[in-house]
Amino acid sequence: MTSGGRQQTIINSIKLRHIILSVLGIFILYSSRVAQHTNKINKNNMMKMGSSFTSVASTAFNMPKIGLGTLGLDPTEAKTTINEALSLGYRLFDCAPVYFNENDIGDAFHEATTGVPRSDVFITSKLAGPFHRAEHVEPALRKTLNDLRLGYLDLFLVHWPVAFKYVDFDPSIRGWDNEDIDDSEGGKNFDPTVSLRDTWHAMESLVDKGLVKHIGVANFPVMLLHDMLSYSRIPPAVNQVEIHPYNQQPKLLEYCNSRNITVQAYSPLGTPGFKESDEPHILSDPVLNEMARSKGITVAQLCLQWSLQRGCSVIAKSSNIRHLEENLLVNHKNEFVSGAVQLSSDEMDKIAALDRGYRFFRPEEWWPENPVPVFH
Ligand SMILES: NC(=O)c1ccc[n+]([C@@H]2O[C@H](COP(=O)([O-])OP(=O)(O)OC[C@H]3O[C@@H](n4cnc5c(N)ncnc54)[C@H](OP(=O)(O)O)[C@@H]3O)[C@@H](O)[C@H]2O)c1
């Protein structure tokens with residue numbers, strides 16, 4: 001990615017780029033319709049369309065619909081993965097300080113050789129639990145910006161609706177030398193004196209200062225969102241939540257759609273890298289496998305397409321080049337499958353029947369000492 005001085009030199013071309021992209025966008029929309037009929041796109045065009053598609057198929061505030069998750073992205077793989085992802089056309093990256101790799105990802109952005117300008121990339125990060133108190137929100141964001149080597153974020157989310165006791169840190173050091181910010185001590189480290197309302201007003205002031213373009217939340221159930229809308233000057237743009245065929249959350253989706261809050265599906269493939277061995281493996285589901293086979297796509301692609309068709313944005317994590325490409329909804333022949341492989345209402349109904357309200361991320365089990373069952 002271009003940054004610093006190099007970014008200055010391209011700034012004059014950005015307006016022109018936007019005009020060209022708009023025209024290109026109309027062309028691509030038309031082309032993808034044609035692709036539904038022909039399903040024949042050669043590889044060179046594909047690469048161009050892959051990158052443009054993610055921009056074109058974006059939400060009202062220009063957030064790409066498909067993004068790369070970075071939970072569990074090994075710091076040693078960050079440079080290769082980010083560079084490959086940018087080259088393939090990823091333009092949305094989902095980060096968080098509690099993934100303990102933001103400094104490596106920052107270096108990867110900085111050293112990327114793709115020439116993609118910062119303004120073309122949408123970068124999300126999150127506010128960790130120890131920094132919910134109003135006076136800690138901006139320093140926490142600045143720490144993330146320093147780690148990611150960025151001047152602003154496109155989206156900053158309250159990671160979980162639960163405040164932890166403050167954890168001090170040295171803002172001049174990049175990265176974290178321990179994982180204390182993610183340690184609630186089973187819930188003993190909660191700080192029940194911090195209100196979400198105060199946290200949110202501090203988040204709003206980050207937008208006023210131009211440090212973040214948009215703010216949102218993650219893991220918020222309907223009633224917390226509903227309350228937040230009563231006091232927010234800037235309503236949350238996004239609620240990032242666990243959504244996959246085994247945890248579909250239709251009521252939350254309906255609520256968010258009706259309030260203009262984009263739902264972003266995390267763990268859209270059922271987090272196969274993090275799940276316990278005795279937990280369900282969505283990618284092995286027989287119904288999904290049969291359906292994917294009949295459509296000539298993979299189960300991962302089916303899951304992503306299903307989420308997109310429900311109006312969600314999706315963020316899947318991968319550091320495997322084949323998966324990275326596949327998750328942009330490109331098939332093994334490098335044909336562009338999204339749009340070309342729409343799920344019928346019958347197929348959507350079949351997947352709806354797989355819902356079992358199964359969560360891989362269960363806060364009630366992390367905090368046994370002081371339970372806050374966020375989703376119950
Ligand atoms: N807000 C929150 O509280 C929260 C919680 C969880 C996650 N998230 C975000 O959401 C992102 C995605 O969630 P996630 O990482 O839990 O789960 P996920 O994206 O559902 O699954 C990632 C796993 O699936 C594998 N994979 C990726 N593409 C594949 C494909 N096409 N075929 C087969 N396997 C594939 C990956 O391995 P390879 O690397 O080998 O491909 C990785 O092990 C996270 O990285 C994070 O950014 C947010």
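**Stop 1: two loops with positive phi**

Select F100, which in this predicted model sits in the loop between β2 (92-94) and α4 (102-111). Its phi is positive, about 50°, although F100 is not a glycine. Is F100 buried or exposed? The answer lies in between: with 18 C-beta neighbours inside 10 Å, F100 counts as partly exposed.

Next, select N260, in the loop between α8 (250-258) and β7 (262-266). N260 is not a glycine either, yet it has a positive phi of about 65°. Because N260 has 12 C-beta neighbours inside 10 Å, it counts as exposed.

**Stop 2: the barrel**

Now display the strands. There are 8 strands that close into a barrel, and their order is β1-β2-β3-β4-β5-β6-β7-β8, with parallel pairing. On average, neighbouring strands of this sheet are turned by 30° against each other, direction ignored.

**Stop 3: strand β6**

Select residues 238-242, which form strand β6. Strand β5 (residues 212-218) pairs with β6 in the parallel sense over 2 bridges. Which residue of β6 is the bridge partner of A218? The partner is Q240.

Colour β6 by burial. Of its 5 residues, 5 are buried, so the strand is largely enclosed by the rest of the structure. In a regular strand the side chains alternate between the two faces of the sheet. In β6, V238, Q240 and E242 point one way, whereas N239 and V241 point the other way, and all are buried.

**Stop 4: strand β8 and its partners**

Move to β8 (313-317). This strand is mostly covered, with 5 of its 5 residues buried. On one side are S313, I315 and K317, and on the other are V314 and A316; all are buried, and both faces of β8 are covered.

Add the strands that pair with β8. Strand β1 (residues 66-69) pairs with β8 in the parallel sense over 4 bridges. To view one pair, select L68, whose bridge partner in β8 is A316. The pairing of β7 with β8 is parallel too, and it runs over 3 bridges. Here Y266 stands opposite I315 of β8.

**Stop 5: around the ligand**

Show the ligand together with its shell. Which of the 31 residues around the ligand come nearest? They are G69, G273, A300, K317 and S318. Both β8 (313-317) and α11 (321-327) supply at least two residues each to this shell. By type, the shell divides into 12 nonpolar, 16 polar and 3 charged residues.

**Stop 6: helix α6**

Select residues 196-208, helix α6. The helix has 13 residues and reaches 19 Å from its first C-alpha to its last, close to the 18 Å expected at 1.5 Å a residue. Colour T199, W200, A202, M203 and L206, the buried residues of α6. Why do these buried residues line one face of the helix? Seen down the axis of α6, they fall within an arc of 160°, so they line one face. An α-helix has 3.6 residues a turn, so residues three or four places apart point the same way.

**Stop 7: three pairs linking separate parts of the chain**

Begin with T193, in the loop between β4 (153-158) and α6. T193 has 9 other C-beta atoms within 10 Å, and is therefore exposed. Measure in the viewer from T193 to A163: these residues are 30 residues apart along the chain, and their C-alpha atoms are separated by 8.5 Å.

Continue to V222 in helix α7 (residues 222-231). V222 counts as partly exposed, because it has 15 C-beta neighbours inside 10 Å. Its C-alpha atom is separated from that of L252 by 5.9 Å, with the two positions 30 residues apart along the chain.

Finish at C303, found in helix α10 (residues 299-309). Is C303 buried or exposed? C303 has 27 other C-beta atoms within 10 Å, so it is buried. V314 lies 11 residues from C303 along the chain, and the two C-alpha atoms are separated by 9.7 Å. This brings the tour back to β8, where V314 is one of the buried residues.

Note on methods. Residues are numbered from 1 along each chain as its sequence is written. This is a predicted model: local features need pLDDT of at least 70, side-chain atom pairs count only at pLDDT 80 or more; totals for chains, interfaces and linings use all residues. A residue is buried if 20 or more other C-beta atoms lie within 10 Å of its own, exposed if 12 or fewer, and partly exposed in between; C-beta atoms are placed from the backbone. A residue is near a molecule or strand if its C-beta atom, placed from the backbone, lies within 6 Å of it. Ala, Val, Leu, Ile, Met, Phe, Trp, Tyr, Cys and Pro count as nonpolar, Asp, Glu, Lys and Arg as charged, and the others, Gly among them, as polar. Two strands pair if DSSP finds at least two bridges between them. Axes are lines fitted to C-alpha atoms, for helices over the stretch in contact, and angles run from 0 to 180 degrees between N-to-C directions. The expected span of a helix is 1.5 Å times one less than its number of residues. The arc is that of the directions from the helix axis to the C-beta atoms.
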